[in-house]
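Dear colleague,

Please find below the structure I am handing over to you, shown with its sequence. My notes on what was found in it follow directly after.

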Amino acid sequence: MAFVRVVKRSIVACPLAGLLIGFGLHQLGENELARSTWAWATLPVLVVLCIEIVITLRRGEFGLDIVAALSMSAALVFGEPLAAVVVALMYAGGQHLEDFAERRARRDMTALLGRAPRSVMRYENGHLRKVATELVLPGDALLIRSGDIIPVDGRVARGAAVLDMSALTGEALPQRMEEGTVIASGALNRGDAFDLTALRLARDSVYAGIVRLVDAAQKSKAPMARLADQYALAFLVVTLVMAGGAWWLSGDASRAVAVLVVATPCPLLLAVPIALVAGMSRAAKAGILIKSGAALEKLALLRAIVFDKTGTLTSGSAQVVEIIPTTGHSVDELLCAAASLGQISNHIVSHQLVSEARRRGIELVIPTDVSEAAGEGVMGFVAGKRTIIGKPSFVLNQLDPGQRDSGVPSGALQIAIAIEQGYAGHIVMSDRLRQGTPDLLRALRDSGIARIVLATGDHREVAEALAANLDLDAIEADLTPAQKIATVSAARRYGPVMMVGDGINDAPALAAADVGVAMGLSGSAASIETADVILLVDQLDRLVTALRIAKRSRAIAIQSVVVGIGLSTLGMIAAAFGGLSPVEGALLQEAIDVAVILNALRALGDQHFLGRPLRPQTDAVG
């Protein structure tokens with residue numbers, strides 16, 4: 001099939017040469033030889049087209065390429081070789097035009113695929129060795145040279161990193177990452193060389209996941225495009241009826257030929273995929289990866305949004321405020337136990353515990369026999385002692401009944417710790433709302449969102465204090481992952497629902513929503529794989545950009561279809577009544593196709609849809 005498409009797009013020279021040679025012969029008075037030249041120049045295009053039609057029909061697919069084959073065949077049979085070669089030239093040229101439009105529309109997405117690093121410099125026994133990226137293991141020490149692309153997710157081990165994130169996030173200015181900062185793969189080192197400690201395998205890193213998602217997105221087909229395929233059959237029937245009727249009523253076969261060539265090919269098949277892919281590419285340029293055309297369509301129809309709290313509406317950089325051990329335990333012991341166990345968790349709170357312990361110079365140990373309850377807590381052995389950290393309710397439920405009277409205060413974010421089946425104390429942390437969140441919610445309302453819900457696993461007092469001045473319709477607190485799914489389902493009565501989250505515990509709700517949105521740089525692998533949309537920069541104002549891009553792309557697709565089909569139908573009517581000759585009909589249809597494709601490419605534009613920019617969200621995790 002791919003070979004046929006390559007051949008089909010490479011034979012445009014045949015009808016072009018035949019058309020020019022035929023005109024030369026016609027000027028010399030060799031009319032019959034000119035007609036034969038036009039006919040023979042049509043045949044290669046017709047043969048290749050018929051082969052493709054057979055292949056697609058055997059796959060159960062149907063398209064209006066059949067009309068193109070019929071129009072060329074009818075023109076040859078009824079003695080209109082000039083019309084036939086013009087249709088062949090326009091059709092072959094149209095393949096190049098469509099191919100160019102799709103390549104242009106996919107350019108920003110394809111750029112991500114071409115940046116995947118193949119090798120990296122790794123420290124081995126005090127020496128540097130160039131190794132394949134897939135051989136890097138968690139814990140390996142890597143040298144990131146100036147100009148290198150970060151190959152795996154890791155932590156800056158020595159030196160400061162100055163990274164160009166533009167290919168991932170759309171951010172034009174390089175960002176400075178200090179020692180100890182976790183950075184995502186795919187960024188470009190614009191500064192001096194620095195050391196990086198690998199945290200994940202290359203295949204599990206953020207950039208590898210993005211590459212897989214881009215590849216899947218490029219192969220996807222949106223519901224609107226599938227609907228266009230269904231309409232193609234109806235349009236073919238209308239075309240044949242109109243062509244047959246014009247011939248039967250007038251007795252002039254050329255009218256039937258003219259009707260067929262005006263209907264070739266249909267803007268219905270060109271406008272939708274190009275407009276949607278253009279919208280996806282425009283979103284990628286803005287740091288928003290939309291996995292499929294279907295997700296883009298759903299984005300345009302959203303009516304409700306459910307937000308996770310920690311790391312989503314909040315900055316996720318919760319700071320340790322106070323460490324309160326029980327009798328027999330020390331502050332350092334408590335933080336060491338919590339941070340050591342937290343090393344295996346991807347939750348943002350665990351990251352902050354580890355960072356705080358490192359800041360205080362506390363040496364962490366590797367935990368064993370670890371298990372994690374998503375959104376609840378982590379259990380395992382730290383230095384041989386059974387240790388549990390997490391929500392107070394989760395930790396206390398793991399203890400014997402006589403050990404459950406902890407005296408943990410309610411209100412602030414509390415991390416409880418139990419050691420050897422005894423309650424050991426708790427860590428008080430504070431988080432803050434992302435700057436610009438009120439502006440974000442107002443912009444979402446202006447974009448047509450009717451219901452906005454905060455869904456969190458934290459205590460209600462914490463959630464209500466945080467969201468006191470926000471324009472929310474509901475606050476759902478103390479939720480398990482299953483209850484978050486129920487919250488998403490309840491919001492669906494207002495229309496299609498978006499769920500925005502970043503943690504492992506958000507993955508089920510992301511999957512349950514009509515559109516799941518994950519925070520790509522700090523989000524867990526589970527949430528990124530499950531979500532339909534990835535924000536490659538952890539700034540929620542990109543949600544508004546995504547909605548505007550989706551609405552505009554869908555509107556352009558519909559506009560192109562309506563106008564294109566309308567013009568084609570008018571042309572077919574004119575041809576049926578003898579107002580257009582077959583050659584004039586072919587030229588008219590090509591003009592319509594060009595106009596439709598150019599209109600669909602407007603979805604790539606930077607203007608008229610981003611609207612007034614929101615206040616920058618400077619608290620984004622990076």
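**Notes on the predicted model**

Please bear in mind that this is a predicted model. I begin with the chain as a whole and then turn to one sheet and one lysine.

Among contacts in the chain with a separation of 6 or more, 68% are between residues 24 or more positions apart. The chain comprises 622 residues, of which 53% count as buried. Its exposed surface comes to about 25800 Å², with 58% of that supplied by carbon and sulfur atoms. As to secondary structure, there are 22 helices and 22 strands.

One sheet deserves a description. It is open and consists of six strands, arranged in the order β2-β1-β3-β9-β4-β7 with antiparallel pairing. Its edges are formed by β2 (127–132) and β7 (182–183), each of which pairs on one side only. Within this sheet, β1 (residues 119–124) pairs with β3 (residues 141–144) in the antiparallel sense, over two bridges. M121 has L143 in β3 as its bridge partner.

The lysine is K484, which lies in helix α18, a helix spanning residues 481–491. Is K484 buried or exposed? Its relative accessibility is 1%, and because buried means under 20%, K484 counts as buried. Which side chain does the side chain of K484 contact? The partner is the side chain of D308, with which K484 makes a polar contact at 3.0 Å. K484 in α18 is thus both a buried residue and a polar-contact partner of D308.

With kind regards

Conventions
Residues are numbered from 1 along each chain as its sequence is written. This is a predicted model: local features need pLDDT of at least 70, side-chain atom pairs count only at pLDDT 80 or more; totals for chains, interfaces and linings use all residues. Side-chain values use heavy atoms; hydrogens and water are left out. Helices (H or I, at least four residues) and strands (E, at least two) are DSSP runs, numbered from the N terminus. Buried means under 20% relative accessible area, exposed over 50%, partly exposed in between (1.4 Å probe, protein chains only). A polar contact is a pair of N or O atoms within 3.5 Å; within protein, one must be able to donate a hydrogen and the other to accept it, and residues adjacent in sequence count only if both atoms are side-chain atoms. Contact means heavy atoms within 4.5 Å. Accessible areas come from the Shrake-Rupley method with a 1.4 Å probe; for residues, only the protein chains shown count as cover. Two strands pair if DSSP finds at least two bridges between them.
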